[in-house]
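Me: I should like a close look at a single part of this model, the lining of the second largest pocket. Which elements each supply at least two residues of that lining?

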Number of protein chains: 2
Amino acid sequence: MSTTVTRLTRSKEATALTLRLTTGSLARQAARANEYTNSTSGVAPTYLQANLLVLPSRYADDFRNLCARNPVPCPLIAESATPGDFSRLVSHLPSVDSGKLAGSLDLRTDCPRYNVYKDSQLIKAGVPDVASEWTPDHVAFLVGCSQSFESALERAGLLIRHSVQDRTVPMYRSNIPLNAAGVFSGSTYTVSMRPFPLKDIERVRSISRAYHATHGEPVAWGWDAVARLGIADIDQVQWGQPPLTEDGQPLGTVFGDEDNVPVFWGCGVSTQEAVMKAPLEGTVLAHFPGCMLVMDCGEDDVL
Amino acid sequence: MSTTVTRLTRSKEATALTLRLTTGSLARQAARANEYTNSTSGVAPTYLQANLLVLPSRYADDFRNLCARNPVPCPLIAESATPGDFSRLVSHLPSVDSGKLAGSLDLRTDCPRYNVYKDSQLIKAGVPDVASEWTPDHVAFLVGCSQSFESALERAGLLIRHSVQDRTVPMYRSNIPLNAAGVFSGSTYTVSMRPFPLKDIERVRSISRAYHATHGEPVAWGWDAVARLGIADIDQVQWGQPPLTEDGQPLGTVFGDEDNVPVFWGCGVSTQEAVMKAPLEGTVLAHFPGCMLVMDCGEDDVL
């Protein structure tokens, strides 16, 4: 796996472009034209963002079951209308009609970057599109993304550290087992992390709780949760960028500090981890972590 | 907690009565009259069985969210029509109308035995009814029970060891975290266990998979899963009765044997474990593990 693209850092130009991508439609167009190939954190604020996973159709039933059995890391929000269809979706959200999810959609090009897996091995990381890999047998699934409740936290005055610092959210493998579903067994949750002051954690839990379709409330919090989740080093992320203190030091340098308490949420990258732990045959496509599909509906439409 | 009632062993008379309780309605009537105060394993075969948890109304929203976030151990199938109502239910099962769940119902008496918790502490174990504890503020929840897919496994020729031996299913605390939901945080899955030959495990997984509302497919299997789940000793159960080999020896005496591989499912007793780990105030009522509420609908009505 190429590590050169795993640490997305936005240039000034990219940040300027981010500010112009004010809707889901504009974000998808910019990704389709490969004008925008960066993290979608901060892109189209208040629009719903989604994880993408595209599977050979014979694994579709097991994947639906994996999501149903693990709704916290893998909240299923939509899937291809039919196998092979990359432009029409069927909604799994009771509050959002299928037609309202994303008009003018091409799942092969509309994420800023993609990952490609062959026989459960990552073979390409961070490529700008996957049109050449797509087949009529591929079924796409969209899974909620926690970047969707960041606006709600910000509206309540709770700063999202990685967003303020224009970085990608830190993501880790954890030791929490995913409930097995057919071919998908033996995998664990991936988690995203945002630090908050200890005094704010109950408020953070309370605000994110309502966002069931985008991971809901945290799964763990506190400095002791780092070891409990099996995370060896808070400064060594598996995806995204390492977390920093307010003044730019590695977060681990203030271990135990009550103003920088790690808070962990279920993360949709769990779907890619499940692919890597399963013995799948064939080609699987996915967004590149942090570079999400931005939808036409709002994050509050899924409450 | 009284240990005298935690190891339910059926007398010959109880076994004879079990065979006469052929419907959910008969099972509830016998429990209501305290004629039957034993495990419901083998009672009213093919009828749906349920875990009961009754909470002060202020905890109801958090409990619904706990179930939504943990559908494998805590599949919510119904709740009280209104707070305080012990005879009418609202169904959460898309395939079963509320009126078809259980006619002539009294949740205060219709489980063979009950547990009573005060301020999150177990204060009474295995009492025959809880009418004197019930208040107009209590909200009852029913959660699926894995005794409901045992018939399906038996129809496929897969022997349920504890059922053949007329014992209660072995249940354990595991180290799998329950996804936190409001006041319910810091708890873990409880699991039920049935041994099967290694060669049958994929068939066991496949058959139980369809029973989403009653825990679905196993969460772990294999002798190595015992340590992985944090179970110190397979012969030391937390609820139910210890597992035995076919010839009645403790299962641990054949550790590693491919004819006796432990298979673990999510278990509805997780709801009582969550109560004990939460700082709840007031009185919580529950069935006594193994002594379930038997419904009027069939276990295949929830497929």
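Reply: In chain A these are β7 (171-177) and β9 (220-221), and in chain B they are β7 (171-177), β9 (220-221) and α7 (224-228). Helices (H or I, at least four residues) and strands (E, at least two) are DSSP runs numbered from the N terminus. This is a predicted model, in which local features need pLDDT of at least 70 and side-chain atom pairs pLDDT 80 or more, whereas totals for chains, interfaces and linings use all residues. Residues are numbered from 1 along each chain as written, chains are lettered from A and ligands numbered from 1 in written order, and side-chain values use heavy atoms, without hydrogens or water.

The second largest pocket (an open set of points on a 1 Å grid over the protein atoms alone, where a 1.4 Å probe fits, with protein on both sides within 12 Å along at least five of seven lines) is lined by 30 residues (an atom within 4 Å of a point). Nearest its centre lie A:N175, A:I176 and A:P177, together with B:I176 and B:P177. The lining of this second largest pocket comprises 16 nonpolar, 11 polar and 3 charged residues, and the pocket has a volume (the space filled by probe spheres set on the points) of about 720 Å³.

For comparison, the largest pocket has a volume of about 1,000 Å³. Its lining has 39 residues, and those closest to the centre are A:A68, A:P71, B:C67, B:A68 and B:P71. Two or more lining residues come from each of α3 (60-69) and β2 (76-80) of chain A and α3 (60-69) of chain B. Of these, α3(B) gives the largest share, 4 residues.

Conventions
Ala, Val, Leu, Ile, Met, Phe, Trp, Tyr, Cys and Pro count as nonpolar, Asp, Glu, Lys and Arg as charged, and the others, Gly among them, as polar.
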